[in-house]
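Thanks, everyone, for making the time this morning. I would like to walk you through one model, going from the overall picture down to a few individual residues.

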Amino acid sequence: MPEICIKEPIWVTAVMVLEGHKLLITFNDETCKEFDFAQVLAKGMPIFEPLKNLAIFREIVLDGWTITWQDGTIDIAPEYLYEHGVTV
């Protein structure tokens, strides 16, 4: 029988916008990671298109679980941020 690995849920507890599209993100396990959102923007997904504008990008909000923009119409999974961020 295969071993089942249950991970604890991960969520964002703090975020700071650095230069450009870089973020400094703290998670509920106290891990702090730098995430360059430019890698997401480079994929050309229409949902993230407004975030190419740095003024809009800087209007980031914590919703209790992850980060969002434009009244929650744009968000990104905290697990993605955690897995693709660089620990600092």
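I will begin with the fold as a whole, then take the sheet, the core and finally some loop residues.

Please keep in mind throughout that what you see is a predicted model. The protein has 88 residues, of which 28% count as buried, and its C-alpha atoms fill a box of roughly 50 × 25 × 25 Å when that box is taken along the principal axes. In terms of secondary structure there are three helices and seven strands, and if you read along the sequence they follow the pattern β-β-β-α-α-β-β-β-α-β. Among contacts with a separation of 6 or more, 46% are between residues 24 or more positions apart. The accessible surface comes to about 5,700 Å², and carbon and sulfur atoms account for 57% of that. As for charge, the model carries 6 positive and 14 negative charges, and the mean positions of the two sets are 8 Å apart.

Let me turn to the sheet. In what order do the four strands of the open sheet lie? The order is β1-β2-β3-β7, and the pairing is antiparallel. At the edges are β1, residues 12-17, and β7, residues 86-87, each of which pairs on one side only. As a reminder, strands of a sheet pair through backbone hydrogen bonds, and they may do so in a parallel or an antiparallel manner.

Consider β1 and β2 together. Strand β2 covers residues 22-27 and is joined to β1 by five bridges, the two running antiparallel. Within that pairing, V12 has F27 of β2 as its bridge partner, while A14 is partnered by T26, also in β2. The two strands form a hairpin with four residues between them, and in the turn G20 has a positive phi of about 60°.

On its other pairing, β2 is joined to β3, residues 32-36, again by five bridges and again antiparallel. Here L23 has F35 of β3 as its bridge partner. This pair too forms a hairpin with four residues between the strands, and in this turn the residue with a positive phi, about 70°, is E30.

Which side chains of β2 are buried, and which are not? L23, I25 and F27 point to one face and are buried, whereas K22, L24 and T26 point to the other face and are not. In a regular strand, side chains alternate between the two faces of the sheet in just this way.

That leads to the core. The largest nonpolar core has 18 residues, and those that touch the most other members are F37, F48, L51, I67, W69 and L81. The elements giving two or more residues to this core are β2, α1 and β5, the last of these being residues 67-69. Of these, β2 gives the most, with three residues. If we follow L81 and set aside residues up to four places away in sequence, we find that L81 touches V12, I25, F27, F35, T66, I67 and I76.

Finally, some loop residues. Most residues other than glycine have a negative phi. Against that background, Q70 has a phi near 50° and D71 a phi near 55°, a positive value in a residue other than glycine. Q70 is found in the loop between β5 and β6, the latter being residues 74-75, and D71 is found in that loop as well. Are these two residues buried, partly exposed or exposed? Q70 has a relative accessible area of 37%, and therefore counts as partly exposed, whereas D71, at 83% relative accessibility, counts as exposed because that value lies over 50%.

Q70 also brings us to P50, which lies in the loop between α1, residues 38-41, and α2, residues 54-57. Leaving aside neighbours within four places in sequence, P50 is in contact with I56, Q70 and I74. P50 is at 27% relative accessibility, so it counts as partly exposed. By contrast with those contacts, G64 is 14 residues from P50 along the chain, and the C-alpha atoms of the two are separated by 22 Å.

I will stop there and take questions.

Key. Residues are numbered from 1 along each chain as its sequence is written. This is a predicted model: local features need pLDDT of at least 70, side-chain atom pairs count only at pLDDT 80 or more; totals for chains, interfaces and linings use all residues. Side-chain values use heavy atoms; hydrogens and water are left out. Buried means under 20% relative accessible area, exposed over 50%, partly exposed in between (1.4 Å probe, protein chains only). Contact means heavy atoms within 4.5 Å. Two strands pair if DSSP finds at least two bridges between them. Accessible areas come from the Shrake-Rupley method with a 1.4 Å probe; for residues, only the protein chains shown count as cover. Lys and Arg count as positive and Asp and Glu as negative; His and the chain ends are not counted. The place of a charge is taken as NZ of Lys, CZ of Arg, CG of Asp or CD of Glu. A nonpolar core is a set of buried Ala, Val, Leu, Ile, Met, Phe, Trp, Tyr and Cys residues joined through side-chain atoms within 4.5 Å.
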